Amino acid sequence: MSPAEHHVATPNAAGDEDYHLAASTGGGEKWKDVPDKYLLAIANFLAGHVNDTEDFERFNGPILKASIKSVYWLFLIQYAALALLGVLMNITIIVYIMYHRLYKDVTHAFITNLALCHFVQCALVLPISLMVMLIQNWIFGQFLCFFLPMLQDIPLHVAMISHILIAWDRMRWLNDPLKGRLPGFVCCCATWLTGMVIALPYPIYTIYVELGVSIHSLATGDWE
């Protein structure tokens, strides 16, 4: 059998088309989790029902979701305003605490940590999440496919752990005012390390398939 072998049936009497796609490849295991609609698009391509150039452009370029084409600009304005205000306000908090050397207090150190993780959310996570919400296909490449879920969740975990540490530190202080406070810098570093460890399993359960390349490989029989 050739590296990529396919059979596409002709339309039946009812006007529907039955597609049967079989690939004998060394890396075929990754296709078992690909949604049927993409396999159907590949079958359409192999059957010659689409234009080659248009099809490659369709899969490789951004495709705006049809359900929000008329209102996508509202999302752009809302997310832009939220991201801009979030970045400015969190930078202001960090600069103020650093300028007045308030970070020496444990509580202010945790507040600085919260401002930092919220800055990451506003500056990095919000813009990419907006694009993912508006665009139907994935255009950000393999690295962000694996890293984006981690990037979205790490600041969230850091914020939650920071709030827990703030509450724990205040409880210790109320129970015994003479007892030493938690080490702020060490705890802040520990929150980021813990957040990364919690988010590490995401890449294990992520599958990346370059659909445009796969279509070309199946069509030409040049599958590696």
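Helix H6 covers residues 184-199, and its length checks out: 16 residues at 1.5 Å each should span 22 Å, and the end C-alpha atoms sit 23 Å apart, which agrees. Keep in mind that this is a predicted model. Its mean pLDDT is 77, with 67% of the residues in the chain at 70 or more.

**The two sides of H6**
- Which residues of H6 are buried? They are Gly184, Cys187, Cys188, Thr191, Trp192, Gly195 and Ala199.
- These buried residues take up an arc of only 140 degrees around the axis, so they end up on the same side of H6.
- That fits the usual geometry: an α-helix has 3.6 residues a turn, so residues three or four places apart point the same way.
- Packing partners for the buried residues of H6 are helix H4 (106-134) and helix H5 (141-175).
- Flip to the other side of H6 and you find Phe185, Val186, Leu193 and Val197 exposed.

**An odd backbone angle**
- Arg101 isn't a glycine, yet its phi is positive, at about 55 degrees.
- You'll find Arg101 in the loop between helix H3 (72-99) and H4.
- Arg101 is exposed, with a relative accessible area of 52%.

**Where to trust the coordinates**
- Among the elements of the chain, H3 has the highest mean pLDDT (95), while strand E2 (residues 19-20) has the lowest (38).
- Residues 1-27 have pLDDT below 50, though the model gives this stretch 40 contacts beyond near neighbours in sequence.
- Residues 50-56 also stay under 50 in pLDDT, and the model has 10 contacts for them beyond four places in sequence.
- Where pLDDT is low, don't read the predicted coordinates in detail.

Note on methods:
Residues are numbered from 1 along each chain as its sequence is written. This is a predicted model: local features need pLDDT of at least 70, side-chain atom pairs count only at pLDDT 80 or more; totals for chains, interfaces and linings use all residues. Side-chain values use heavy atoms; hydrogens and water are left out. Helices (H or I, at least four residues) and strands (E, at least two) are DSSP runs, numbered from the N terminus. The expected span of a helix is 1.5 Å times one less than its number of residues. Buried means under 20% relative accessible area, exposed over 50%, partly exposed in between (1.4 Å probe, protein chains only). The arc is that of the directions from the helix axis to the C-beta atoms. Contact means heavy atoms within 4.5 Å. pLDDT is the predictor's confidence in each residue, from 0 to 100.
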